[in-house]
Every structure is written in C-alpha cells, then in structure tokens.
Amino acid sequence: MKIAVIGTGYVGLVTGTCLAETGNDVICVDINETKVKKMQNGEVPIYEPGLDLLFHRNIAQGRLTFTTNLADAVKDAQIIFMALPTPPGGDGAADLSYILGAAKDISKLITEYKVIVNKSTVPVGTADKVKAVFQEHTSIEVDVVSNPEFLREGVAVDDFMKPDRVVLGTKSERAKKLMAELYGPYVRQGNPILFMDERSSELTKYAANSFLATKITFMNEVANLCELVGADVDAVRKGIGSDERIGKRFLFPGVGYGGSCFPKDVQALVKSSDDYEYDFQILKSVMEVNERQKTILVDKVLKYYKNDIKGKHFALWGLAFKPETDDIREAPALYIINALIENGATVTVFDPEAMENVAGIIGDKVKYAKNQYEALVDADALLIATEWSVFRNPDFEKIDKVLKNKVIFDGRNLYDLQKMIDLGYYYNSIGRKLLTP
Ligand code: UDX
C-alpha cells in the first residue's frame, strides 16, 4: 500500500519505518529541512533500540523515503497518517493547531479519496474537528480514522510490530477494510484489531495512560506507607501482582512517572473532564502525588543530612525518564538536580544516553562524568534516578575507592538488601527497609 506519514517525531518515525517493514511504500514528511536531509542521508534522529536496522534496510530497498514537500507525499498515498505534536496549551488542554493546520493543507492538495489517520494523542472530538476542516475546504471524500499509538519508548519497534491490540475509531466500512488490510501483518499472533467509534477510540488512549499512571502512583503511595509501617514493598508488590486481576506489570515504585506521555495525558484528561464539568478526582490526586514523588529522594537526602546539604557534593546516576531512551522530558532526575542545587549542593551526573539532552537544558549547573565511576569522585553520596542495566550490578570495590562515604539513595530499588548489608552501606531505597550500618 502507499502510505504518507506527516511528522517524523518519535511516533511518526517509528510508524513510518515499521509500516515500510511489511512491504508498504512509505513517504515521511517533515517541515524541518535539516532533519529531513539527515534522514535522507541515513541518519536516525532519535535513539531507539532496533530502529536503525529497520530504518536502513527499508531506505536501502526504496520503501522508506523522506521529503519536506507535502504535495509529493500526499499525491499517491492511499492512507495519510498524521503524527503531529499536541503540546499542552496554556490551560493544560492539548493544542490542536498542528493537526488542524495539516488537515487544512492536505485538504487543498487531494484529488481523490483518502483515509486520514490520526496517530497523535488528541482530546475526544478531534476526529470530528478534522472532518469539519476537510468538509470546509474540499468536496473530495475522505474518511478520518482515530488510531491511537500505545508504543513505549525503548521498546517502540517491538510494540509496533507486535501490538497487544490495534484500536481504530471509524464508522466507515471503506476505511475499516483498508486499515484492516494494513494492520493485518502486525496482529498475526491473534491480538485483536478493535474497531469502535472515533470518540471511544480517542478516549481509550487517555484512559489507558491515565490508568497506568494511576497504577504506578498507587504503588508509590503503598511504598511510602511501607517505610512507615515497616513492610517491604517488593513483597507487597509480588503479593498483589500475582492476582491476575491486578497484574504484575507497572507496579514498580520509584521517583515518579515522567516522559512525554503520562504527565501530559493525565493533565489533558483532567482538563477535558473539567470542560464537561466532570471532576475527575482520582486523576487530580495522581498528579499531586506524582509531583511529590519526584523529589522524594531529595527529601530522604535532606533528612539524612539534617536539612543542611550546603557544600555537599552528590553523584547522580540516571537522567533519562526511563532506561533505553535519551528522552528527558519530565524526567524526575531534572527535579532532583534542581532541588539539590537549590539547597546549596553540587552535582556530577552520568547517564548512558541522555547527557547531551541534559546539557542542552541545564548547561554547566552540573558536572558531566565520562562514566558512572568518574561521577562518584569526591561525592558524599550516590543518588540513582533511572534503572539502566549498567547500574544494576556495578563494581562495588571501584565504588568504594572513589565515593567518599558508603551512602546510596536509590530511587529505583536496584540492589538486594542483604547484599547492601554485607557491603556495609547506608542504603535508602523506596518502600524498603532503611539500612544503616
Ligand atoms: C507510555 C505508555 O506505556 C505507552 O503505551 C504510551 O504510548 C506512551 O506512554 P513511555 O512514556 O514510553 O510509554 O514509558 P513507560 O514505560 O510507560 O513509562 C512511563 C513512566 O512510568 C516512566 O517514568 C517509568 O519510569 C514509570 N514507571 C513505569 C514506574 O515508575 N513504574 C513502573 O512500574 C512502570
């Protein structure tokens, strides 16, 4: 099939590449000329495991091309995907100007039936708005389909190639047939393609992300309570997660959820609910608790140093909002850094992938180490904010040589408690016993 993908951000690029992989001809459009040039030269603009292999293979075989010219992309495409940003506007509602603007531009270019697929996370009612834009500017028939994306950064290629489900919001039989054909190869294992109306599909995305954010936040609160009552959150997590109704995944407590989706989507669903005069209380609490959780590690540090960390120096391992990405949007590490600095401390950071992105935002407010051990030099304590695999089994002998004191504040519960007792560490993690040698 001939496909156009408008917007080569995270979702657009993964979608375009993975659609080419099953034999479709995909042309990706972006207004950013430098980025398009780089992609034309075979450069993948984001860090995502496994993406470069598919990207290069499909470019080499001529199935994946890039352009800044919307007209070229739209001309032959049967299906046009829109994967455009929907940043929160001033009032927390998603800003639809990119999507509605693109719809208007496309409407002026088309000369035959097209399926317009919206992949961005958008408020309920957006498909109707996009339809209205087409009706206003062209008499050519189009079907607008809502097709929310559920892929996770770090495993995006796998999530796209083998999705748990594909959600498609459309009432048009013609569009349903084309979309079922396109997605057929991705659901061979038997996972469902769920057809529904546009509004249910749009709400499904917000409800899924908000539910997961709530699940994590619930566990963060259980962890905080565990510390007070002397319980172990790992045991409680396993204890409840074995109940299939609850499930084992997304029950890991930590320093709060971050990233480009959960914070934005929870906020947008609260805002949409407010617009319909519905008070979505549980989500308002989720937002509040998550804000608090982002600096929980700093609260622990302040308590340990009796509220005085002026002149102290800390090492921070992990900057990305989660492992296997260089994405630092809403990353708890940034809140931790700011809180430490505000309290008069200095910080040296290390992350396997996200250092450049952090340097772009906070510049020389912190020092950047070449590796995880260099970050520890002269540090009074180590803080951990992201569960990268390289932090899971470090060389503690090396750590002991450079870290000034055996003190670790672990926001991701990476280490076994008995091991830390044996090594003689002060070890403060989330929802587990505080170890004081
Ligand atoms: C999320 C959704 O999972 C995905 O379906 C959607 O398309 C986009 O948003 P992503 O933001 O890439 O994906 O990351 P995810 O793996 O879901 O993690 C989100 C945040 O929750 C991270 O900050 C992570 O550290 C945190 N998290 C996750 C926890 O704190 N505990 C957990 O048990 C799981």
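# A guided tour of a three-domain model

Between the centres of domain 1 and domain 2, taken over C-alpha atoms, the separation is 29 Å. The model is a predicted one, and the tour begins with its division into parts.

**Domains.** Colour residues 2–195 as domain 1, residues 205–292 as domain 2 and residues 294–428 as domain 3. Next, display the contact between domain 1 and domain 2, to which domain 1 contributes 11 residues and domain 2 contributes 9. On the domain 1 side of this contact, 7 residues are nonpolar, 2 are polar and 2 are charged.

**Alanine 60.** Select alanine 60, which belongs to helix α3, residues 51–60. Is alanine 60 buried or exposed? It is exposed, because 10 other C-beta atoms lie within 10 Å, and the exposed class extends to 12 or fewer. Then add alanine 213 to the selection: 153 residues along the chain from alanine 60, its C-alpha atom is 40 Å from that of alanine 60.

**Helices α11 and α12.** Show residues 262–275 as helix α11 and residues 281–293 as helix α12; their axes come within 10 Å and cross at roughly 145 degrees. The crossing of α11 and α12 is left-handed. Which residues make the contact? From α11, select Val266, Gln267, Leu269 and Val270, and from α12, select Leu283, Lys284, Val286 and Met287. By class, the residues of this contact comprise 6 nonpolar, 1 polar and 1 charged.

Move now to the loop between α11 and α12, where glutamate 277 is located. Although glutamate 277 is not a glycine, its phi is positive, at about 55 degrees. Most residues other than glycine have a negative phi. Glutamate 277 counts as exposed because it has 6 C-beta neighbours inside 10 Å.

**Annotated binding-site residues.** Under "binding site", an unreviewed UniProt entry lists Asp30, Lys35, Thr86, Thr121, Glu153, Lys264 and Arg329. Select the whole set: these residues are spread over 300 residues of sequence and also in space, with up to 25.0 Å between C-alpha atoms.

Centre the view on threonine 86, in the loop that joins β4 (79–82) and α5 (97–107). Threonine 86 is buried, because 21 other C-beta atoms lie within 10 Å and the threshold for that class is 20 or more. Leaving aside residues up to four places away in sequence, threonine 86 touches Ala94, Asp95, Leu96, Ile99, Ser120, Thr121 and Val122.

Arginine 329 is the next selection, in the loop between β9 (313–317) and α14 (332–342). It counts as partly exposed because it has 16 C-beta neighbours inside 10 Å. With residues up to four places away in sequence again excluded, arginine 329 touches Gly258, Gly259, Ser260 and Phe321.

**The C-terminal annotation.** Highlight residues 315–417, where an unreviewed UniProt entry places the feature "domain: UDP-glucose/GDP-mannose dehydrogenase C-terminal". This span is 26% helix and 17% strand, and its end C-alpha atoms lie 21 Å apart.

**Asparagine 413.** The final selection is asparagine 413, found in the loop between β13 (407–410) and α17 (417–423). Its phi is positive, about 50 degrees, although the residue is not a glycine. Is asparagine 413 buried or exposed? Asparagine 413 counts as buried because it has 20 C-beta neighbours inside 10 Å, and the buried class begins at 20.

Definitions and conventions: Residues are numbered from 1 along each chain as its sequence is written. This is a predicted model: local features need pLDDT of at least 70, side-chain atom pairs count only at pLDDT 80 or more; totals for chains, interfaces and linings use all residues. Domain bounds come from an automatic or database domain assignment. Two residues are in contact if their C-beta atoms, placed from the backbone, lie within 7 Å. Ala, Val, Leu, Ile, Met, Phe, Trp, Tyr, Cys and Pro count as nonpolar, Asp, Glu, Lys and Arg as charged, and the others, Gly among them, as polar. UniProt positions are given in the numbering used here, feature names are shortened, and annotations may be inferred rather than shown by experiment. Helices (H or I, at least four residues) and strands (E, at least two) are DSSP runs, numbered from the N terminus. Axes are lines fitted to C-alpha atoms, for helices over the stretch in contact, and angles run from 0 to 180 degrees between N-to-C directions. A crossing is left-handed if the near helix is turned anticlockwise from the far one by less than a right angle, and right-handed if clockwise.
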